[in-house]
Amino acid sequence: MSLEKDLDYGTPESLCQELISLEIDGHQVVVPEGTSIMRAAKQLGTSIPKLCATDSLEAFGSCRLCLVEIEGRRGTPASCTTPVEAGMIVHTQTQKLAKLRKGVMELYISDHPLDCLTCSANGDCELQDMAGTVGLRDVRYGYQGDNHLNATRDNSNPYFSFDPSKCIVCSRCVRACDEVQGTFALTISKRGFESHVSAGIEDSFLDSECVSCGACVQACPTATLMEKTVIEHGVPEHSIETTCAYCGVGCTFNAEMKGDQVVRMVPAKSGKANEGHACVKGRFAWGYASHKERILKPMLRSSIDDPWREVSWEEAIQFTAKKFRELQQEYGRKAIGGISSSRATNEEVFVVQKLVRAAFENNNIDTCARVCHSPTGFGLNKTLGTSAGTQDFISVESADVILLIGANPTDAHPVFASRMKKRLREGAQIIVVDPRRIDLVESPHIKAAAHLAILPGTNVALINAFAHIIVEEDLVDWDYVNHRCDKDLFENWLAFIKREQNSPSYVAKVLGVEAETLRKAARLYARAERAAIYYGLGVTAHS
Amino acid sequence: MGMANLAMLTGNLGFNGCGVNPLRGQNNVQGSCDMGSFPHEFPGYRPVSDDLTRLSFENDWGLRLDNEPGYRIPNMFNEAVKGSFKGMYIQGEDVAQSDPDIHHVEAALRNLDCLVVQDLFLNETAKYAHVFLPGTSFLEKNGTFTNAERRLGRVRPAIKPRTGKHEWQITMEIAQAMGYPMHYDDSSQIMDEIARLTPTFAGVSFDKLDRDGSLQWPCNDEAPNGTPIMHIDKFVRGLGAFEITEFIPTEEKVTPKFPLLLTTGRILSQYNVGAQTRRTENNVWHPEDILEIHPYDAAERGIKNGDLIMLKSRKGETSLHALLSERMQPGVVYTTFHMPFSGANIVTTEYSDWATNCPEYKVTAVQCSLTDHISEWQQHFLDYQAKQTKPLLQSS
């Protein structure tokens, strides 16, 4: 769960263009076709009670709390799984519904610990909220029947605990693992009264396939899956929106705080790079900021063999400035320089290069990122005119074929990998070019159309071979090339790419991949309606 | 370039669902490059030799600027070894761990009369430093990061700088102490200056970011709401340029003495040189770097799962535990280099810069054999580590 109570519409948005008009509790509402009654009601400001529904997941219809009455229809359908229809007249609050909902809640609570006051989710629990919403005052069945109250807690994951005694088997965690993260680590084992969430067959969370992205923890409406930091510190009291400092995905997070203490990091739904998802690093691995080895005071020493001496900021800065000026006087203006960091903010980097150019009075400024960026920068700048990637991340959701070269997103860019996997589950195809059989070659519900296990260091040869095949088999988009590209440069390049050295039969030996495999993959890329290339840092200048 | 050729050839640029996209390793690789961390380019990738650009910076900053490109990192190290380059200010980069040729870097850093390191932790580079300026974590920073889709996102302080100073303040105060009057009241003023001096960022401000959430550059009068997809209708350079991309095989070749190819990558739970993730519970998933070796290659060498093996290249050697794996084909071995103790830069050759993750450079010919001891360098690393941190731990 999260402190930041983003509006939860219960079910995902429908992207349908067709609009439908209906009446809910006497109010007219117009929504796209395919919208659930639950979502349409929320759009009017009406919250239908719910437990198993949340708008980051497809409707499931298991909790039986969101029942509604529809005029002219029998029974009480679930509003999350019932799509709107034109002219529908829906009632969300009737005596019949109130009684049904209360009955459902009674059943849940008859098998749930009554320790709300000391529960880690106290004040941040949807089950608690729903008990209040339906006006639950007593449980007719008592608490003595068969129950799960003594189920064993799994504390194996370092960041969150799993307490099955509090589980209502809504399967939000299972669906978050499948639909949002795409790992398929969790499942509901057994059926009926014995059904329970499990991470593989009798595995603990730590020993399972779980990648600890925390999507399940965020999706859990109770204290069943709970951050250990929340158990330790309690529910956060304020929240600050910020950007993760790990990889180049740059996820938006809400840092949920209690005074100066970070209680948890919750990925923001509003973040365009991540849309409410996160990985184990961004969500959980922020403890280094208060690690005991962190240095908090400036230090000096006259020789690198001496021990460090803590000094004031004033002393450290004056010492540095004086020393730098002395070195320039003795050895010349160019005797000093700086390196800026690709971990620092834009503003911090800008002032470092300004320090070098304006105060050091030279251009001795560089960054480690230059080494890996310059191939990208150089290549894309030369061919297209800009030193950067061409798309936004969401673009991958429209790709039909993905060519992935020398990158392992499930490990290095996990949140983008989840987006990519979602698109692959929808039917897009992927060609993986990597010496190693990475997870995107084959993992649950993912199977690459081709894995080109090339020898390390042969990317360029592979890309040239693709181009050669596309030219040879006339899969070129001539209209595009003629209208958008420089003719002379193209002719020149065409002569080069047609050479024997770029032919699949020749290149196959260099790569250690069969020529026919190359041909099939190149055709797949070339024939796609929309084909996208994603590559790892620094597939070199030539590729 | 080859990938851009391929995309143009098939008409896959300038539309949703297409494109050529780098997946950048560090959070602000894009941003630090955009911000002009280059010896030959101002912010926005404009040459220092370009008079008009330089003039705009000179007018804004109130002084004349050098029109000659400065030293790149390798030049700095070479000049330091020669003795003509004497002082360095290093912001948050652990060059002593991430640079390929450690002996050369060590020699260079030892030769500096004043090395200033600004970081969260006493990293490997700080072992050679004279001044250590404590930096801030992202939880304390106030500014922007630019991700791999050119998106500027706000970084807002959850807590005050635990060190008492923002990193930009440190830099600013060094400039002031050196006699250059650099002044900002807060980091939004730095972004205003960036926007003023960089055409692709002209429309960016903290106010606009706070209003819109995030923005993808170019963001200016032509694209006031930023640019999600580039090169729609036409390329930024005009007509797309097909460039010749000749394949040049790596110099690194397997030999009877070094018959295996080593390639490297990353694992989910750890991040780059591990300075952050090593200091979290993420170590339960990855307490050490492991060498993945194909069962066929392992059997030839009598290596079993979990055995300690010595990984040797013509450059040096380091020890790692083995994991038998069929993820690679026989003849290729794989490891991550998240732990300094693994000594990546001991084994990899001058062109195999694993830290920048350049696959073309990530090729090293190696041999693996069973061993019962860590390498000499690893022992040296442990001894040096103990010596450096001992006085510090005593004082605290």
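User: Hey, how many salt bridges does the structure hold over all chains?
Analyst: 50 over all chains. Keep in mind this is a predicted model.

User: Can you pick one inside chain A? Which residue does Arg423(A) form a salt bridge with?
Analyst: That would be Asp400(A), and the closest N and O atoms of the pair are 3.5 Å apart.

User: And which parts does that pair tie together?
Analyst: Arg423(A) sits in helix 12 (residues 414–425) of chain A, while Asp400(A) is in the loop between helix 10 (368–383) and strand 16 (401–405), so the salt bridge links parts that are 23 residues apart in sequence. As background, side chains of opposite charge can pair when their charged atoms come close.

User: OK, switching to the interface. How many residues does the contact take from chain A and from chain B?
Analyst: Chain A puts in 186 residues and chain B 187 residues. Between them the two chains bury about 17,400 Å², with 62% of that on carbon and sulfur atoms.

User: What's the salt bridge count between chain A and chain B?
Analyst: Ten. One of the pairs across the chains is Arg499(A) with Glu246(B), whose closest N and O atoms are 3.9 Å apart.

User: And how many residue pairs are in polar contact across the interface?
Analyst: The rule finds 87 such pairs between chain A and chain B, counting residues that are both at pLDDT 80 or more. For the make-up of the chain A side that touches chain B, it's 99 nonpolar, 54 polar and 33 charged residues.

User: Do me a strand pairing too: in which sense do strand 14 of chain A and strand 4 of chain B pair?
Analyst: Parallel, over four bridges. Strand 14 covers residues 336–340 of chain A, and strand 4 covers residues 87–91 of chain B. Within that pairing, Ile339(A) has Ile90(B) as its bridge partner.

User: New topic, domains. Which domains is chain A divided into?
Analyst: Domain 1 (146–290), domain 2 (304–368) and domain 3 (393–535). The C-alpha centres of domain 1 and domain 2 of chain A are 42 Å apart.

User: Which domains for chain B?
Analyst: Domain 1 comes in two pieces, 22–69 + 147–243, then there's domain 2 (71–134) and domain 3 (260–391). In chain B, the C-alpha centres of domain 1 and domain 3 lie 37 Å apart.

User: Last thing, backbone geometry. Which residues does a cis peptide bond join?
Analyst: Trp217(B) and Pro218(B), with omega at about 0°. Pro218(B) is in the loop between strand 9 (214–216) and strand 10 (260–265) of chain B.

User: And what's phi of Arg64(A)?
Analyst: Near 60°, so a positive value, although most residues other than glycine have a negative phi. Arg64(A) is found in the loop between helix 1 (37–43) and strand 3 (69–70) of chain A.

Methods: Residues numbered from 1 in each chain as written. Chains lettered and ligands numbered in written order. Predicted model: local features only at pLDDT ≥ 70, side-chain atom pairs only at ≥ 80, totals over all residues. Heavy atoms only, no water. Contact = heavy atoms within 4.5 Å. Buried area = accessible area lost by both parts, 1.4 Å probe. Salt bridge = Lys/Arg side-chain N within 4 Å of Asp/Glu carboxyl O. Polar contact = N/O pair within 3.5 Å; in protein donor to acceptor, adjacent residues only side chain to side chain. Nonpolar A, V, L, I, M, F, W, Y, C, P; charged D, E, K, R; others polar. Pairing = 2+ DSSP bridges. Helix = DSSP H or I, 4+ residues; strand = E, 2+ residues; numbered from the N terminus. Domains from an automatic or database assignment.
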